[in-house]
Amino acid sequence: MNELSQALPAGLTAARLILYMAVMAAVTYLIRMIPFTAFRKQIRSRFLRSFLAYVPYAVLGAMTFPGIFYATSSIPSAIAGTIVGVVLAFCSRSLLTVALGASGAALLAQIILQYIV
Amino acid sequence: MKNQVYSFREGVRDGLPIGLGYLSVSFGFGIAVVAAGLSPLVAALISMTNETSAGQLAGLGVIVSCGPLIEMILTQLVINIRYSLMGISLTQRLDDSFTTPWRLLLSFSITDEIFAVASTKRERVGTHYFSGLCTLPYVGWTLGTVLGAVAGTLLPPIISGALGIMLYGMFLAIIIPPAKKQRGVLVAVLAAITLSCLFRYLPLFDFLSDGFALIISAVLGAALAAWLFPAEDDARDTETTAGEVTEHE
């Protein structure tokens with residue numbers, strides 16, 4: 001409680017803060033838990049089954065672009081990371097390899113931009 | 001179910017890049033919490049009870065502005081409702097080991113990345129694999145938040161900047177290989193990307209929150225692909241019901 005109430009922003013009490021945190025956690029959990037627990041049957045509809053199978057890829061596509069271009073400290077370094085990531089992924093490298101490769105390329109590009117160019 | 005196709009160990013291995021990515025993303029959240037005038041303990045508690053980036057950041061905004069509780073509820077609902085959709089999609093890829101207690105427990109760990117990795121495994125996943133998959137991301141998310149809150153300013157920005165692209169690199173590794181082989185996946189991905197870019201860059205769509213833009217892009221992209229290429233997942237499911245276990249990766 002002491003630790004929580006230490007230097008709180010104006011107008012915020014420790015009790016209020018705890019209430020916010022509890023509500024936030026509860027809502028987030030229920031959103032995840034209810035459909036996951038309640039939904040049991042295998043879906044028969046061919047369209048719906050295909051739809052649900054495609055959802056993860058569509059979600060990731062929409063999350064990645066254009067977000068990836070703003071994921072580093074500058075757009076050029078993000079583009080360098082994206083290119084290396086796409087090439088490595090195209091060669092079917094592992095998740096970790098692609099992630100590290102993209103990150104390394106972005107770092108290298110940023111260093112070049114900052115210290116050399 | 002006695003034999004699960006994937007082990008806890010395999011889950012942990014697949015969770016490693018997610019955990020590393022989370023470490024860097026949650027670092028930023030830790031910094032934001034302290035910058036807002038709250039303690040590192042608050043930052044850690046929020047991360048440990050939510051494990052969701054966009055939702056936490058928006059929630060922090062409500063806390064700092066002392067907004068009404070209904071605003072907190074609606075914000076979380078809008079941003080995180082995608083987890084409901086992912087949860088339903090994921091139920092179609094689970095084996096019999098997912099009994100109610102396991103679902104109550106593991107549903108907490110449905111994040112974009114965990115969902116993506118778990119639901120794109122070739123065979124149905126069990127509780128061993130899923131628990132393993134969730135472990136390092138949870139540790140990374142919590143640890144990163146604490147580190148960010150305590151020592152956020154110590155890491156050179158050039159390093160933290162480059163770490164920010166890790167999660168996206170992982171996404172590329174998940175979507176590109178199947179998109180090369182299955183036209184349905186390719187269509188779903190390209191359609192979703194197109195919509196997501198339109199929502200982002202056309203001023204017309206400025207009113208859409210990031211959470212809603214993501215849901216609409218994903219739903220329309222997947223629906224288009226399902227309409228054009230409806231049978232893609234049949235082969236995979238037939239194999240699974242026949243109990244045929246094929247080694248892959």
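How are H1(B) and H8(B) oriented to each other, roughly parallel or roughly perpendicular? In this predicted model, helix H1 (residues 8-35) of chain B packs against helix H8 (residues 127-151) of chain B at an angle of about 25 degrees, with 5 Å between their axes. H1(B) and H8(B) are therefore roughly parallel to each other, since angles under 35 degrees are counted in that class. The crossing in which H1(B) passes H8(B) is right-handed, and the residues that form the contact of H1(B) with H8(B) comprise 20 nonpolar, 13 polar and 2 charged ones.

These two helices belong to a chain whose secondary structure consists of 13 helices and 0 strands. Of the 249 residues of chain B, 53% count as buried. Among the contacts in chain B with a separation of 6 or more, 80% are accounted for by residues that lie 24 or more positions apart.

A second partner of H1(B) is helix H3 (residues 53-64) of chain B, and this pair packs at an angle of about 5 degrees, with the axes 11 Å apart. That angle makes H1(B) roughly parallel to H3(B). On the side of H1(B), the residues B:Val25, B:Phe29, B:Ala32 and B:Val33 take part, and they meet B:Ser53, B:Gln56, B:Leu57 and B:Leu60 in H3(B). Sorted by class, the contact of H1(B) with H3(B) has 6 nonpolar residues, 2 polar residues and no charged ones.

A further pair is formed by helix H7 (residues 112-119) of chain B and H10(B), whose axes come within 11 Å and cross at roughly 20 degrees. H7(B) is thus roughly parallel to H10(B), and H7(B) passes H10(B) in a left-handed crossing. The contact is made by B:Glu113, B:Ala116 and B:Val117 of H7(B), together with B:Leu167, B:Met170, B:Phe171 and B:Ile174 of H10(B). In this contact of H7(B) with H10(B), 6 residues are nonpolar, none is polar and 1 is charged.

The interior can be described next. The largest nonpolar core has 86 residues, and those with the most contacts inside it are A:Leu17, B:Leu38, B:Ile63, B:Leu90, B:Phe130 and B:Met170. Helix H10 (residues 166-181) of chain B gives the most to this core, with 11 residues. When its neighbours within four places in sequence are left aside, B:Ile63 is in contact with A:Leu12, A:Leu17, A:Tyr20 and A:Met21 of chain A, and also with B:Leu38, B:Ile46 and B:Met72 of chain B.

The last of these residues, B:Met72, has its place in helix H4 (residues 69-80) of chain B. B:Met72 has a relative accessible area of 0% and is therefore buried, the limit for that class being under 20%. Apart from its neighbours within four places in sequence, B:Met72 is in contact with A:Tyr20, A:Val23 and A:Met24, as well as with B:Gly59, B:Val62 and B:Ile63. The C-alpha atoms of B:Met72 and B:Ala58 are separated by 8.4 Å, while the two residues stand 14 residues apart along the chain.

Helix H5 (residues 82-91) of chain B is mostly covered, with 8 of its 10 residues buried. The buried residues of H5(B) are B:Arg82, B:Tyr83, B:Ser84, B:Met86, B:Gly87, B:Ser89, B:Leu90 and B:Thr91, and B:Leu90 is also one of the residues with the most contacts inside the largest nonpolar core.

Conventions
Residues numbered from 1 in each chain as written. Chains lettered and ligands numbered in written order. Predicted model: local features only at pLDDT ≥ 70, side-chain atom pairs only at ≥ 80, totals over all residues. Heavy atoms only, no water. Core = buried A, V, L, I, M, F, W, Y, C linked by side-chain atoms within 4.5 Å. Buried < 20%, exposed > 50% of the residue type's maximum accessible area, 1.4 Å probe, protein only. Helix = DSSP H or I, 4+ residues; strand = E, 2+ residues; numbered from the N terminus. Contact = heavy atoms within 4.5 Å. Axes fitted to C-alpha atoms, helices over the stretch in contact; angles between N-to-C directions. Parallel < 35°, antiparallel > 145°, perpendicular 65-115°, else oblique. Left-handed = near helix turned anticlockwise from the far one by under 90°. Nonpolar A, V, L, I, M, F, W, Y, C, P; charged D, E, K, R; others polar.
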